[in-house]
Amino acid sequence: MENSAERKDIQRLERPYKWGRGGMDVTMSVVWTAMVAVAVLCGAATGRTEQVAAGAMEGAKAAVELCLGMGGTLCLWTGVMEVMRRSGLSQKLGRLLGPVLRRLYPGEDKRTLDHVAANASANLLGLGNAATPLGIEAAKGMARRSGGRAGDNLCMLVVCNTASVQLLPTTVAAVRGAAGSANPFDILPAVWLASALSVLAGIGAVKLLGRVWRFAE
């Protein structure tokens, strides 16, 4: 019975959040569909249907060109991340980050901290698409430990993952390169400063608000 209850708790934590009684998933597809519908209705109401159609076609063309331009750079750095993983370099980086991560996420097990370290490694290279699934796995482990509630460690993970320090902002550089920038990586000093300040501010806010919340309880 205990194992059955534990499995149900895990399934509940892994189940996507639902919206409304119909069980519709709250996903970005719903948001984008609503935005498109509103744009079409507004265009029809103002008599600008042709402009809306032309804008949609132009936007679709620009999106395809942007994706093709970014594809090469993203594939390159995703490949670098895979080489790091297979060569054991990412594990070494995780061990290097271990003391810092144990202070930021006290009480977490090794498996969860390994996912956090891999997430941080991907973020350092600016690979948000590779960091996201690793962050989700780490969040699942933290949620199981806290009984499904957003504890201090889970809040810290969300903040650090959102305001991550990036040594190589590859995604932004890929966008700049696709847009015709002559030197896509000339933003490095600004990115280093902005990301470091944002992480420090986020960590400070989590620590402060965590203490305020515990004091209020």
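Start by selecting T112 and showing what surrounds it: beyond the residues up to four places away in sequence, T112 touches A138, G141 and M142. This is a predicted model, so everything on this tour is read from a prediction. T112 sits in helix α5, which covers residues 110-124. Is T112 buried or exposed? With a relative accessibility of 4%, T112 counts as buried.

**Zoom out to the whole chain**

Colour by secondary structure next. You should find nine helices and two strands, and walking from the N terminus the order is α-β-β-α-α-α-α-α-α-α-α. Of the 217 residues in the protein, 25% are buried. If you look at contacts with a separation of 6 or more, 63% of them join residues 24 or more positions apart.

**Into the largest nonpolar core**

Now select L101, Y105, V116, M142, M156, L157 and I203. Within the largest nonpolar core, which has 16 residues, these touch the most other members. Helices α4 (89-104), α5, α6 (128-145), α7 (152-162) and α9 (188-216) each contribute at least two residues to this core. Which helix gives the most? That is α7, with four residues.

Stay here and centre on L157. Setting aside neighbours within four places in sequence, L157 is in contact with Y105, V116, G135, A138, A139 and M142. A138 and M142 may look familiar, as T112 touches them too. Apart from this core there is another one, made of seven residues, including A122, L125, L127 and A131.

**Look down helix α7**

Select N153, L154, M156, L157 and C160, the buried residues of α7. Turn the view until you look along the axis of α7: these buried residues fall within an arc of 155°, so they line one face of the helix.

**Three salt bridges**

Switch on the charged side chains, and the count comes to three salt bridges. Side chains of opposite charge can pair when their charged atoms come close.

- Go back to α5 and pick D114 and K110, whose closest N and O atoms are 3.0 Å apart in a salt bridge. The two are four residues apart in helix α5, so about one helical turn separates them. D114 is partly exposed, at 40% relative accessible area, whereas K110 counts as exposed at 62%.
- Move to α6 and pick K140 and E137, which form a salt bridge at 3.8 Å, N to O. Here the spacing is three residues in helix α6, again about one helical turn. K140 counts as partly exposed at 24% relative accessibility, and E137 is partly exposed at 35%.
- Finish with D186 and R176, where the closest N and O atoms of the salt bridge are 2.5 Å apart. This pair links distant parts of the chain, 10 residues apart: D186 is in the loop between α8 (170-178) and α9, and R176 is in helix α8. D186 counts as partly exposed at 45% relative accessibility, and R176 is partly exposed at 24%.

**Last stop: the surface**

Turn on the molecular surface. The accessible surface of the protein is about 14800 Å², and 66% of it belongs to carbon and sulfur atoms. Then select M28, V31, W32 and M35, which make a nonpolar surface patch of about 430 Å². M28 belongs to helix α2, residues 28-45. With 52% relative accessibility, M28 counts as exposed, in contrast to T112, where you began, which counts as buried at 4%.

Note on methods. Residues are numbered from 1 along each chain as its sequence is written. This is a predicted model: local features need pLDDT of at least 70, side-chain atom pairs count only at pLDDT 80 or more; totals for chains, interfaces and linings use all residues. Side-chain values use heavy atoms; hydrogens and water are left out. Buried means under 20% relative accessible area, exposed over 50%, partly exposed in between (1.4 Å probe, protein chains only). Contact means heavy atoms within 4.5 Å. Accessible areas come from the Shrake-Rupley method with a 1.4 Å probe; for residues, only the protein chains shown count as cover. Patches are made of residues with over 30% relative accessible area and no salt bridge: like charges are joined within 9 Å, nonpolar side chains (Val, Leu, Ile, Met, Phe, Trp, Tyr) within 5 Å. A salt bridge is a side-chain nitrogen of Lys or Arg within 4 Å of a carboxyl oxygen of Asp or Glu. A nonpolar core is a set of buried Ala, Val, Leu, Ile, Met, Phe, Trp, Tyr and Cys residues joined through side-chain atoms within 4.5 Å. The arc is that of the directions from the helix axis to the C-beta atoms.
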